[in-house]
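Let's take a walk through this fold, with a few stops at its helices, rings and strands. Have the viewer open and follow along.

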Amino acid sequence: MRRLCPSLTGLQAFEAAARHLSFTLAARELHVTQGAVSKQVRQLESSLGVDLFERVRQRLLLTDAGRRYLERIRPSLQEIEAATVELVASQGRGGTLHIASMPTLGAKWLIPRLPQFFERHPEVTLEFVPHAQGYDFSQPDLDAAIRFGDGVWPGSLADYMTGREVLPVCRPGLLANEPNGVAASPQALLNYPLLHHTTVPEAWSDWLGELGVTTREAWSGPRFDQFSLLTQAALSGLGIALIPRCLIEQELASGALVVAHPARVLSKKGYYLCYPEQKQHLPALQTFRQWLMEGVDVVV
């Protein structure tokens, strides 16, 4: 059975002409003659039995059918181009992994480790897609995502990376009235403003609850929608923040932040590498996942 699939050359000519609404500009982009583009488009229209353009007084306008057809074929042409670029770049080895990452973890934890990855695996290219659109695995250009949560997301597999060890931290001097600048008890932390993350409003309540402190005061205080903002708020002396240790290693090492109480409590949430089941065997994903799992936190 013959498949109804137009030639790639004809589709490219149509897409370029539709984008420019000009055979001349399309020809210039494709490095062919204006007549060649016009011929390819006419052959495409003939094979489809549908007019894709209206030719009005030397102007080119898309028909409704042409507009709908363009919307459907353009993503496919872009995919073909992207796959070709990836193949040429990798020379058939490794490949490109399209990944989304939580911004703060990407900047503070992942990116500083990537030189080690690229040194070991130069055959793999990482392409970061916008975080805002980074969790829809129905999108063909997304292979994996680093997410924050409990590790359960419908339609995806998830491997724990880091982030469950959280610390109550603040600016040096905030607890000057406490012995040695450290809260004598978890309860004593309630004498200071508690800073919260918007998507984990229960963090302080859970942390204090694990240490036997139950109070509504654990829910009070300013809220911030990024850990980077929460960190800056603590650095600015606004209060005490619960932040994953992996995000503040530099601030702790430099003394810019200090631990307000030494109790070790593990959060129920952390950072996970997520990917759809149908992509789990991608060579680039397998390589990246294996490297990532070598450096995960051991939580006990």
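What follows covers helix packing, aromatic pairs, strands and two loop residues.

A quick word on the ground rules. This is a predicted model, so local features need pLDDT of at least 70 and side-chain atom pairs count only at pLDDT 80 or more, while totals for chains, interfaces and linings use all residues. Residues are numbered from 1 along each chain as its sequence is written, and side-chain values use heavy atoms, with hydrogens and water left out. Helices (H or I, at least four residues) and strands (E, at least two) are DSSP runs, numbered from the N terminus.

**Helices at the start**

Begin with α2 and α3. Their axes come within 8 Å and cross at roughly 105°. Axes here are lines fitted to C-alpha atoms, for helices over the stretch in contact, and angles run from 0 to 180 degrees between N-to-C directions. α2 and α3 are therefore roughly perpendicular to each other (65 to 115 degrees; under 35 would be roughly parallel, over 145 roughly antiparallel and the rest oblique). On the α2 side, the contact (heavy atoms within 4.5 Å) uses Phe23, Thr24, Ala26, Ala27 and Leu30, which meet Gln34, Val37, Ser38 and Val41 in α3. By class, the contact of α2 with α3 has six nonpolar, three polar and no charged residues. For that count, Ala, Val, Leu, Ile, Met, Phe, Trp, Tyr, Cys and Pro are nonpolar, Asp, Glu, Lys and Arg are charged, and the others, Gly among them, are polar.

α3 also packs with α1, at an angle of about 110° and with the axes 8 Å apart. α1 and α3 are therefore roughly perpendicular to each other. From α1 come Thr9, Gly10, Leu11, Ala13, Phe14 and Ala17, and from α3 Val37, Gln40, Val41 and Leu44. The contact of α1 with α3 divides into seven nonpolar, three polar and no charged residues.

**Aromatic rings**

Searching the whole structure turns up twelve aromatic pairs. Rings of Phe, Tyr and Trp (its six-membered ring) pair if their centres lie within 6.5 Å; planes under 30 degrees apart count as stacked, over 60 as edge-to-face and the rest as tilted. Two of the pairs are set out here.

| Pair | Centre distance | Plane angle | Type |
|---|---|---|---|
| Phe14 and Phe53 | 5.5 Å | 65° | edge-to-face |
| Phe288 and Trp291 | 5.8 Å | 40° | tilted |

The pair of Phe14 and Phe53 links distant parts of the chain: Phe14 sits in helix α1 (residues 8–20) and Phe53 in strand β1 (residues 53–56), 39 residues apart. Phe14 is buried at 0% relative accessible area, and Phe53 is buried at 3%. Buried means under 20% relative accessible area, exposed over 50%, and partly exposed in between (1.4 Å probe, protein chains only). Phe14 and Phe53 also join Phe23 and Tyr69 in one aromatic cluster.

The other pair is local. Phe288 and Trp291 both lie in helix α10 (residues 283–293), three residues apart, about one turn of the helix. Phe288 is buried at 0% relative accessibility, and Trp291 is buried at 8%.

**Strands**

That same α10 lies across β3 (95–101), β4, β5 (144–149), β6 and β13, running at about 55° to β3. These strands make an open sheet of five in the order β4-β3-β5-β13-β6, with mixed pairing. Two strands pair if DSSP finds at least two bridges between them. The edge strands, each pairing on one side only, are β4 (124–128) and β6 (157–162). From one strand to the next, the twist averages 30°. β6 runs antiparallel to β13 (residues 270–275), joined by five bridges; one bridge pairs Asp159 with Leu273 in β13.

Now look at β8. Which residues of β8 are buried on each side? Leu194 and His196 are buried on one side, and Leu195 and His197 on the other. β8 runs parallel to β10 (residues 240–244) through two bridges, with Leu194 partnered by Ile240. Two bridges also join β8 to β9 (residues 223–224), again parallel, and His196 has Arg223 as its bridge partner there.

**Two loop residues**

His31 has a positive phi of about 60° although it is not a glycine. His31 lies in the loop between α2 (23–30) and α3 (34–48), and is exposed at 73% relative accessibility. Asn180 likewise has a positive phi of about 60° without being a glycine. Asn180 belongs to the loop between β7 (165–170) and β8 (194–197) and is exposed at 81% relative accessibility.
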